[in-house]
Amino acid sequence: MTKMVAMQLDQPGRRLRQVERPIPVPAPGEVLVEVLACGVCRTDLHVADGDIHGTLPIIPGHEVVGRVLALGNGVEGFAIGDRIGIPWLGHTCGACPYCRAGEENLCDEPLFTGFTRDGGFASHTLADARYCFPIPDVFGDVEAAPLLCAGLIGYRSLRMAGDARRLGFYGFGAAAHILAQIALWQGREVYAFSRPGDAKSQQFARSLGCQWAGGSDEAAPDALDAAIIFAPVGALVPAALKAVRKGGTVICAGIHMSDIPGFPYADLWEERSIRSVANLTREDGTEFFEIAAQVPVKTSVTTFPLSEANEALDALREGRFDGAAVLVP
Ligand SMILES: [Zn+2]
Ligand SMILES: [Zn+2]
């Protein structure tokens with residue numbers, strides 16, 4: 001076999017288009033990977049809809065589980081046949097002030113998988129081996145895919161919540177259903193806020209052990225120590241601020257959000273804070289996979305064939321499934 005297939009985005013707002021290309025040869029430091037599964041993340045929707053702007057044309061997909069088929073010169077730590085995960089962070093410069101300070105998630109010259117370098121909505125892909133992770137055996141291929149962004153960047157958001165005991169999650173999709181399992185395992189209480197009237201998501205949250213589930217227009221029964229907003233809805237920021245106690249933190253976990261409406265300073269007063277989470281570091285990934293395997297996290301997945309990537313994006317946009325969507329070549 002010399003050809004690969006991929007679902008390519010030519011222009012934001014257009015449907016992805018199936019393309020055939022020669023299977024690429026890995027450059028020094030790269031691995032060639034046969035894709036086994038690739039998760040569909042909300043960020044892929046933001047890319048496809050043009051909410052954020054990267055390289056075009058682009059093959060989206062940054063929750064890639066694959067098998068190593070070939071190694072470029074100088075690759076260390078992986079061998080042909082290994083099962084690996086390719087995350088959103090695809091490359092960093094190693095030289096900017098952020099990289100040197102151990103904050104590679106904020107690198108000035110990064111590459112992001114499925115955004116500024118081709119990703120996993122494909123039968124094959126290339127990756128810089130230094131940014132890939134081994135996948136623990138406890139996870140199946142399809143089940144592991146959502147861990148690579150929803151899980152991993154969600155975990156970074158959870159770390160930003162410090163030792164908060166009462167945690168609110170706004171938006172109960174792929175990230176929240178993974179992070180709820182970790183937070184509960186850590187002995188925290190999880191309060192799940194979904195779209196008002198979305199009884200199915202609320203039931204799903206309760207089935208995972210969340211203490212409380214309701215609409216984002218409802219008040220939590222107790223003041224929260226911290227809240228993490230996974231939904232791309234700016235109006236949830238003032239709502240979450242009202243729900244956290246004095247000194248509490250509101251963490252915005254997504255890459256894009258609608259504008260945040262104005263709110264009274266009194267809602268921020270008393271040392272409440274708002275912060276965002278950007279990308280991931282390799283350290284986050286290593287720590288996350290250790291914990292996820294210990295719990296062990298069970299992901300709820302809905303699979304689509306690779307050729308139905310557009311249908312998977314539509315289903316995500318419309319909130320038609322619980323948990324995460326995963327493409328299988
Ligand atoms: Zn850098
Ligand atoms: Zn993502």
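Two strands count as paired when DSSP finds at least two bridges between them. The exercises below apply this to a predicted model.

**Exercise 1.** Which residue in β12 stands opposite Tyr191, and over how many bridges do β11 and β12 pair?

Solution.
- Tyr191 faces Trp212 of β12.
- Strand β11 covers residues 189–194, and its parallel pairing with β12 extends over 4 bridges.
- The cut-off is at least two bridges, so β11 and β12 qualify as a pair with their 4.

**Exercise 2.** Place this pair in its sheet, and find the edge strands.

Solution.
- The sheet is open, has 6 strands and pairs in parallel, in the order β12-β11-β10-β13-β14-β15.
- β12 (212–215) and β15 (273–276) each pair on one side only, which makes them the edge strands.
- On average, neighbouring strands here are turned by 20 degrees against each other, with direction ignored.

**Exercise 3.** Which helix lies across β10 and β11, and at what angle does it run to β11?

Solution.
- The helix is α5, residues 174–185, and β10 spans 166–170.
- Helix α5 runs at about 160 degrees to β11.

**Exercise 4.** Locate the largest nonpolar core and describe the surroundings of Ile228.

Solution.
- The core has 105 residues; Phe169, Ala192, Ile228, Ile229 and Ala240 touch the most other members.
- Domain 1 (3–148 + 279–328) and domain 2 (152–276) both contribute residues, so the core lies between them.
- Leaving out residues up to four places away in sequence, Ile228 touches Ser157, Leu158, Ala161, Leu167, Phe169, Ile251 and Ala253.

Technical notes
Residues are numbered from 1 along each chain as its sequence is written. Chains are lettered from A and ligands numbered from 1 in the order in which they are written. This is a predicted model: local features need pLDDT of at least 70, side-chain atom pairs count only at pLDDT 80 or more; totals for chains, interfaces and linings use all residues. Helices (H or I, at least four residues) and strands (E, at least two) are DSSP runs, numbered from the N terminus. Axes are lines fitted to C-alpha atoms, for helices over the stretch in contact, and angles run from 0 to 180 degrees between N-to-C directions. Two residues are in contact if their C-beta atoms, placed from the backbone, lie within 7 Å. A nonpolar core is a set of buried Ala, Val, Leu, Ile, Met, Phe, Trp, Tyr and Cys residues joined through C-beta atoms within 7 Å. A residue is buried if 20 or more other C-beta atoms lie within 10 Å of its own, exposed if 12 or fewer, and partly exposed in between; C-beta atoms are placed from the backbone. Domain bounds come from an automatic or database domain assignment.
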